[in-house]
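Reader: I have just opened this structure and would like to understand the words people use for it. Could you show me the reasoning behind them?

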Amino acid sequence: MNTLVLNASYEPLAVVSVRRAVILILTEKAVVEHADAGKLIRSATRELPTPLVVRLLRFVRVPYRRKVPWSRSGVLERDGRRCAYCAGRANSIDHIVPTSRGGAARSWRNTVAACVACNQDKADRTPAEAGMRLLIEPFEPKAHRALVLALGVTAAEGLPDWLLAATA
Ligand SMILES: [Zn+2]
C-alpha cells in the first residue's frame, strides 16, 4: 500500500510506502491531508488512520535539471544490466564512439552496458563500422536529490542504484 506525497505547495511529488509516510508524520516532516480512518496503522507509540495523502511541511525544490555524475555502475543500472547490442547479460561498459577515436569517456550518451563478447567484437570501431546496432538510446538520467533526501527513500523502496549514488 502506498501514500501520495505532496510538496508544501500541494504539488504531487512522489509515491512512497505507507510505512515511510508514517515516519514522515511521526518525525513532523509531513502532515496528513487525507487518510483512511477505516484502517489503523500501529506505531510504537500510537495508532493513526492509514495516510493516503500527506503534505511536506517544508517546501522541497526538485532539481529536475540537475546533472547526475557519470559512473560505470550508473550506466549498468540505467540499462538494466542488459547488453545494448544483444540484450544479453552485461557486465562491461562500451563507449559507442571509442575514446581512442575522440568519443567522450565519461558521458551518459556515449556509453552503454555491453556484454564482454559484444564489447570485444566491436573493439575500436563505431557501431556502424562494426555492423552492430544499438537496441537502446542512451540517455542522461535525471536526479531528484532534494526529493530523495527529504523523503529519506531507500534502496529497499525500489530506487535504482544510480539515483542513490547520485544522492550519496
Ligand atoms: Zn552483447
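Author: Here are some questions and answers that set values against the definitions behind the words. Please keep in mind that this is a predicted model.

Reader: Let's start with an overview. What makes up the protein chain, from the N terminus on?

Author: There are six helices and six strands. Read from the N terminus, they follow the order β-β-α-β-β-α-β-β-α-α-α-α. The protein chain has 168 residues, of which 42% count as buried. About 9700 Å² of the protein chain is exposed, and carbon and sulfur atoms supply 52% of that area. Among the contacts with a separation of 6 or more, 59% are between residues 24 or more positions apart.

Reader: Why are strand 2 and strand 3 said to stand at the edges?

Author: The open sheet has four strands in the order 2-1-4-3, with mixed pairing. Strand 2 (12-17) and strand 3 (30-42) each have a single partner strand, so one side of each has no neighbour in the sheet. From one strand to the next, the twist averages 30 degrees.

Reader: How do you know that strand 3 and strand 4 pair?

Author: Two strands pair if there are at least two bridges between them. Strand 3 and strand 4 (residues 47-56) are joined by nine bridges, and they run antiparallel. The connection between strand 3 and strand 4 is a hairpin through four residues. You can look for two of the facing positions yourself: Arg 42 has Glu 47 in strand 4 as its bridge partner, and Leu 40 stands opposite Pro 49.

Reader: Pro 49 is found in strand 4. Why is Pro 49 called partly exposed?

Author: The label covers values between the limits for buried, under 20%, and exposed, over 50%. Pro 49 has a relative accessible area of 33%, so it is partly exposed. Leaving aside residues up to four places away in sequence, Pro 49 touches Ala 35, Asp 36, Ala 37, Lys 39 and Leu 40. The C-alpha atoms of Pro 49 and Val 22 are separated by 9.7 Å, and these residues are 27 apart along the chain.

Reader: Val 22 belongs to helix 1, I see. Where does helix 1 lie?

Author: Helix 1 (residues 18-26) lies across strand 1 (2-6), strand 2, strand 3 and strand 4, and runs at about 80 degrees to strand 4. The buried residues of helix 1 are Val 18, Arg 20, Ala 21, Val 22, Leu 24 and Ile 25. Just after helix 1 comes Glu 28, with a positive phi of about 60 degrees.

Reader: Which residue in the loop between strand 1 and strand 2 could I look at?

Author: Try Tyr 10, which has its place in that loop. Tyr 10 is not a glycine, yet it has a positive phi of about 75 degrees. Its relative accessibility is 47%, so Tyr 10 counts as partly exposed.

Reader: What makes Gly 80 exposed while Arg 81 is partly exposed?

Author: The cut-off for exposed is over 50%. Gly 80 has a relative accessible area of 52%, so it is exposed. Arg 81 has 32% relative accessibility, so it counts as partly exposed. Gly 80 sits in the loop between helix 2 and strand 5, and Arg 81 lies in the loop between helix 2 (72-78) and strand 5 (92-95). Arg 81 has a positive phi of about 55 degrees although it is not a glycine. As for Gly 80, its C-alpha atom and that of Ala 90, ten residues apart along the chain, are separated by 8.6 Å.

Reader: Now to the zinc ion. How do you know which atoms are its protein donors?

Author: A donor here is an N, O or S atom within 2.8 Å of the metal. The SG atoms of Cys 83, Cys 86, Cys 115 and Cys 118 lie 2.3 Å from the zinc ion, and these are its protein donors. Along the chain, the donors follow the spacing C-x2-C-x28-C-x2-C. Cys 115 and Cys 118 are both buried.

Reader: And why is the arrangement around the zinc ion called tetrahedral?

Author: Four donors count as tetrahedral if all angles lie between 85 and 135 degrees. The four donor atoms around the zinc ion subtend angles of 101 to 115 degrees, so the arrangement is tetrahedral.

How values were computed. Residues are numbered from 1 along each chain as its sequence is written. This is a predicted model: local features need pLDDT of at least 70, side-chain atom pairs count only at pLDDT 80 or more; totals for chains, interfaces and linings use all residues. Side-chain values use heavy atoms; hydrogens and water are left out. Axes are lines fitted to C-alpha atoms, for helices over the stretch in contact, and angles run from 0 to 180 degrees between N-to-C directions. Contact means heavy atoms within 4.5 Å. Donors are N, O and S atoms within 2.8 Å of the metal (3.2 Å for Na, K and Ca); water is not among the atoms, so sites may look incomplete. Four donors count as tetrahedral if all angles lie between 85 and 135 degrees; four count as square planar and six as octahedral if opposite donors are over 155 degrees apart and all others between 65 and 115; anything else is irregular. Buried means under 20% relative accessible area, exposed over 50%, partly exposed in between (1.4 Å probe, protein chains only). Accessible areas come from the Shrake-Rupley method with a 1.4 Å probe; for residues, only the protein chains shown count as cover.
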